[in-house]
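Subject: Structure for your files

Dear colleague,

Here is the structure I said I would pass on. My notes on what was found follow below it.

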Amino acid sequence: MSNVQRGLAEMIGTFWLVFGGCGSAVLAAGIPGVGIGYAGVALAFGLTVLTMAYTIGHISGCHLNPAVTVGLWAGGRFAAKDIPLYVVAQVVGAVIAAWLLLTIAQGQPGWDLATKGLAANGYGEHSPHLYAMAAGFTIEVVLTCVFVIVIMGSTDSRAPAGFAPIAIGLCLTLIHLISIPVTNTSVNPARSTGPALIVGGWAIQQLWLFWVAPIIGGALGGIVYKALGAEATKRPPIEGEAL
C-alpha cells in the first residue's frame, strides 16, 4: 500500500474511534433513565477498534493510536521512518471527529461545551471521580502497556488467524471499564488531543499526561512482548503491521 493509502486509512480509522467512542459518551451516556453509562461507552470504544481492524487492518495495520505505533516500533514490528506519517494522520482524524461531534452536540437546545464537555481526559478536579495525577499517570502507563502486549500477541504469526480484532476490541472495552472513572480513559494520545483542542483551557494544560504516559506504556508493552515472543519478532518489520 502507498503512504497516502496508509495515512488515509489511519485518519479514517482514528476518526471512527473518536467519533464512535467519544460520541457515545457525549450523546448517549448521560440521558436520564436510558443512557448507556460507563459500560456502554466502554463497549463503543471496543467496537470502533474491532470494526476498523477488519476494515483497514490489511491497509495500514489499524494502529489508530500513536502509543500503539510507538509500541510496535519498540517491539520490532514497525519502521521508525513511518511513525510521523501515522501519528499525524491519527491526530488529524481525531481532531476532525471532535469538531464534528461538537457541531452535532450543539444541535441540542441548551447544550454547553463548558458544562457538558467533549469526553476530554483529565486528572485531579477534571477526573470523573477526582483521581490524583499520580493515579492517572500510573493507570495510563499500565493499561497502554497491556494493550500493546495484547495487540502484539494476538497478531503474532503463531496466534489463531482472524481473531485478533476481537481480542483487541474486547481488550479496549475492558480497559475502559477499568479506567473511565480515573481519567475518562485515554491510552491513546490522538484520542485525547482531538477533544482537548476543542475544549481548550484545562484540557490542553493536562494533555501532556495523555501523551507521555501512553507513549511510555506503549513502548514498554512493545519491549515486553519482544522479549516474550522473541521467536516471532526476529523477522524484518512488515509495513504498517498490527492487525
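Arg158 has a relative accessibility of 48% and so counts as partly exposed, since that class lies between 20% and 50%. This is a predicted model, so please read the values that follow as computed from it. The side chain of Arg158 forms a salt bridge with that of Asp156, at 3.0 Å from N to O. Asp156, in contrast to its partner, is buried, because its relative accessibility is 5%.

The count of salt bridges comes to three. Another joins the side chains of Asp82 and Arg6, with 3.3 Å between N and O. Asp82 sits in the loop between α3 and α4 and Arg6 in helix α1, so this pair ties together parts that lie 76 residues apart in sequence. Both Asp82 and Arg6 are buried; for Asp82 the relative accessibility is 5%. The side chain of Asp82 also meets that of Lys81 in a salt bridge, again with a distance of 3.3 Å, N to O. Lys81 is exposed, at a relative accessible area of 64%. Arg6, Lys81 and Asp82 are thus linked in a network of salt bridges.

On to the nonpolar packing. The largest nonpolar core holds 45 residues, and the members that touch the most others in it are Val26, Leu64, Leu118 and Phe147. Two or more residues of this core come from each of α1 (3-28), α2 (37-60), α3 (66-74), α4 (83-105), α6 (133-154) and α7 (164-183). The most come from α4, which gives 10 residues.

What does Leu118 touch, if residues up to four places away in sequence are not counted? The list is Cys22, Val26, Ala98, Leu101, Leu102, Trp111, Leu113, Pro195, Ile198 and Val199. There is also a second, separate core of five residues, among them Tyr123, Val141, Leu209 and Phe210.

Val18 is a further position to look at, and it belongs to helix α1. With a relative accessibility of 0%, Val18 counts as buried. Its C-alpha lies 6.0 Å from that of Ala97, although the two residues are 79 places apart in sequence. Apart from neighbours within four places in sequence, Val18 is in contact with Gly23, Ala94, Ala97, Ala98 and Arg191.

Last, the pocket. The largest pocket has about 810 Å³ of space. Its lining is made up of 34 residues, and those closest to the pocket centre are Ala25, Val26, Lys116, Gly117 and Ala119. Val26 therefore turns up twice in these notes, as one of the residues that touch the most other members of the largest core and as one of those closest to the centre of the largest pocket. The elements that give two or more residues to the lining are α1, α2, α4, α5 (113-116), α7 and α8 (189-199). By type, the lining residues divide into 22 nonpolar, 10 polar and two charged.

Best regards

Conventions
Residues numbered from 1 in each chain as written. Predicted model: local features only at pLDDT ≥ 70, side-chain atom pairs only at ≥ 80, totals over all residues. Heavy atoms only, no water. Core = buried A, V, L, I, M, F, W, Y, C linked by side-chain atoms within 4.5 Å. Buried < 20%, exposed > 50% of the residue type's maximum accessible area, 1.4 Å probe, protein only. Helix = DSSP H or I, 4+ residues; strand = E, 2+ residues; numbered from the N terminus. Contact = heavy atoms within 4.5 Å. Salt bridge = Lys/Arg side-chain N within 4 Å of Asp/Glu carboxyl O. 1 Å grid on protein atoms, 1.4 Å probe; cavity = no way out; pocket = protein on both sides within 12 Å on 5 of 7 lines; lining within 4 Å. Points joined across faces, edges and corners; volume = space filled by probe spheres on them. Nonpolar A, V, L, I, M, F, W, Y, C, P; charged D, E, K, R; others polar.
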